[in-house]
Amino acid sequence: MQDFDAIVIGAGAAGLFCAGVAGQRGLRVLLLDHSEKVAEKIRISGGGRANFTNRDIDPRAPHKHFLSENPNFCRSALSRYTPADFIALVQKYGIGFHEKHKGQLFCDRSAEDLIALLLAECEAGGVQRWQPCGVKTLRVGIDGSYQIDTERGTVSSRAVVVATGGLSIPKIGATDFGYRMAKQFGLRIVEPRPGLVPLTFDGDAWAPYTDLAGLALPVLIETGDKKSRISFAEDLLFTHRGLSGPAVLQISSYWREGTPIRINLAPEVDLPQALARAKATSRKLIANELATLVPSRLADAWVAQDKDWQRPISEASDKALARLAERLARWELVPTGSEGYKKAEVTLGGVDTRDLSSQTMESKQPGLYFIGEVVDVTGWLGGYNFQWAWASAHACGMAL
Ligand code: FDA
């Protein structure tokens with residue numbers, strides 16, 4: 001039976017990085033993945049260019065852009081391995097990158113450059129990688145070391161790192177392996193659910209908006225009650241089944257079933273004032289005036305909803321115009337659901353951080369570690385999830 005100092009299960013963002021860090025500290029590391037290829041999610045991320053970190057992470061409050069039942073848990077790892085640390089590594093490999101929007105950093109050429117970096121780091125640490133290699137069972141021997149039955153035989157190690165990610169995009173290899181391992185060793189799980197995911201609406205209720213599919217516009221979106229209210233100023237995208245785009249992906253992580261979301265479709269315009277001015281000076285149809293303030297497809301779909309809005313603006317009542325302004329600025333709607341794991345960029349919830357050390361990512365089960373998305377730490381859209389993968393992997397890799 002081959003013996004290692006650490007066995008890392010899952011060769012995604014967190015697993016690859018952790019294996020490289022540990023290997024370069026002189027540990028004998030085995031990295032296993034049931035998929036043929038490494039890091040499929042990095043490959044498809046950021047439209048193929050991987051939004052690999054975010055410069056806006058606040059060094060004094062790095063947890064601000066993350067969701068968790070235990071919001072302070074991620075603080076330690078994120079402040080010990082920062083975006084600047086990862087950027088320095090990217091620069092060391094001569095990978096070109098650029099900032100796109102709100103601190104989001106993308107590779108200039110391809111996400112493949114990032115994968116090559118992670119593989120080179122593993123190589124530099126002498127990491128053995130077995131792929132494809134499924135894991136059948138994991139057990140603890142009498143001496144406290146682990147034995148893993150894999151498709152390539154049984155291996156042993158004093159430490160096991162679970163880096164198998166969340167449930168999103170099952171068709172590229174996502175499984176519930178990490179949650180099963182946690183349960184096997186009596187660790188708690190925060191109920192997983194899809195995050196950063198498009199929201200869907202009931203067919204009939206959505207009928208007035210289906211023609212808007214493909215339309216994108218900047219909005220202000222919010223959800224939650226007085227105590228939990230959160231909002232994002234981002235682009236919204238209409239789809240055939242509902243809403244998507246960065247605004248909706250961000251809010252979806254905070255949205256709870258049965259509760260409404262509220263959208264200001266013209267956040268940069270003072271609608272009551274603009275409509276009142278148009279009423280005083282124009283004889284055009286409301287739809288035409290509105291089309292100077294919001295995209296014309298939206299203006300048409302909006303006025304179609306009320307007979308009082310289908311007339312020249314000079315003939316509209318003040319009440320009708322006020323209602324129009326209010327409905328555009330405070331469009332409240334209750335999603336029926338989301339597109340689920342097949343479209344979600346991340347999985348919220350996961351291994352309960354109360355059962356993990358924020359310093360090392362070791363669980364209450366000695367020698368068993370959890371890193372990356374399998375843990376109940378989920379970032380906003382914009383490179384935060386990769387930064388959590390790097391930071392948690394680094395904390396663990398340095399502690400093994
Ligand atoms: P990850 O999912 O990367 O890796 C898990 C690995 O474990 C996989 O290689 C899998 O094959 C393996 N595995 C699973 N089950 C196994 C089993 N039973 N046995 C053995 N191996 C197993 N984030 C970001 O910050 N910027 C971005 O631009 C994007 N873009 C993006 C686009 C899309 C379409 C998605 C789906 C996701 C993103 N993300 C993102 C999120 C980001 O990809 C994600 O948070 C990280 O990849 C998580 O890294 P992990 O290493 O934890 O899991």
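**Entry 1: helix 4 and the strands beneath its entry**

I began with helix 4, residues 83-92, in this predicted model. Helix 4 lies across strand 3 and strand 5. I noted its direction relative to strand 3, which is about 140°.

**Entry 2: the three-stranded sheet**

I next looked up the sheet to which strands 3 and 5 belong. The sheet is open, has three strands in the order 3-6-5, and pairs them antiparallel. Strand 3 (51-54) and strand 5 (97-99) are at the edges. Each of these two has a single partner strand, so one side of each lacks a neighbour in the sheet. From one strand to the next I recorded an average twist of 30°.

I then examined the pairing of strand 5 with strand 6. Strand 6 comprises residues 104-107 and runs antiparallel to strand 5, and three bridges join the two. Within this pairing, I found phenylalanine 97 opposite cysteine 107 of strand 6.

**Entry 3: helix 12**

I turned to helix 12, which has twelve residues, 318-329. From first C-alpha to last, helix 12 reaches 16 Å, close to the 16 Å expected at 1.5 Å a residue.

Which residues of helix 12 are buried? I found Leu321, Leu324, Ala325 and Leu328 to be buried. These four cover an arc of only 95° around the axis, which puts them on the same side of helix 12. I noted the general rule alongside: an α-helix has 3.6 residues a turn, so residues three or four places apart point the same way. On the other side of helix 12, I found Lys319 and Glu326 exposed.

I also looked up what the buried residues of helix 12 pack against. Their partners are helix 9 (271-281), helix 11 (296-303) and strand 17 (331-333).

**Entry 4: the whole chain**

I finished with the chain as a whole. It contains 13 helices and 21 strands. The C-alpha trace spans about 85 × 40 × 35 Å along its principal axes. Of the 400 residues, 47% count as buried. I also checked contacts between residues at least 6 apart in sequence, and 72% of these join residues at least 24 apart.

**Entry 5: the annotated span**

I consulted the UniProt record, an unreviewed entry, which annotates residues 5-398 as "domain: RsdA/BaiN/AoA(So)-like Rossmann fold-like". In the model, the end C-alpha atoms of this span lie 13 Å apart. I recorded its composition as 30% helix and 24% strand.

How values were computed:
Residues are numbered from 1 along each chain as its sequence is written. This is a predicted model: local features need pLDDT of at least 70, side-chain atom pairs count only at pLDDT 80 or more; totals for chains, interfaces and linings use all residues. Two strands pair if DSSP finds at least two bridges between them. Axes are lines fitted to C-alpha atoms, for helices over the stretch in contact, and angles run from 0 to 180 degrees between N-to-C directions. Two residues are in contact if their C-beta atoms, placed from the backbone, lie within 7 Å. UniProt positions are given in the numbering used here, feature names are shortened, and annotations may be inferred rather than shown by experiment. A residue is buried if 20 or more other C-beta atoms lie within 10 Å of its own, exposed if 12 or fewer, and partly exposed in between; C-beta atoms are placed from the backbone. The expected span of a helix is 1.5 Å times one less than its number of residues. The arc is that of the directions from the helix axis to the C-beta atoms.
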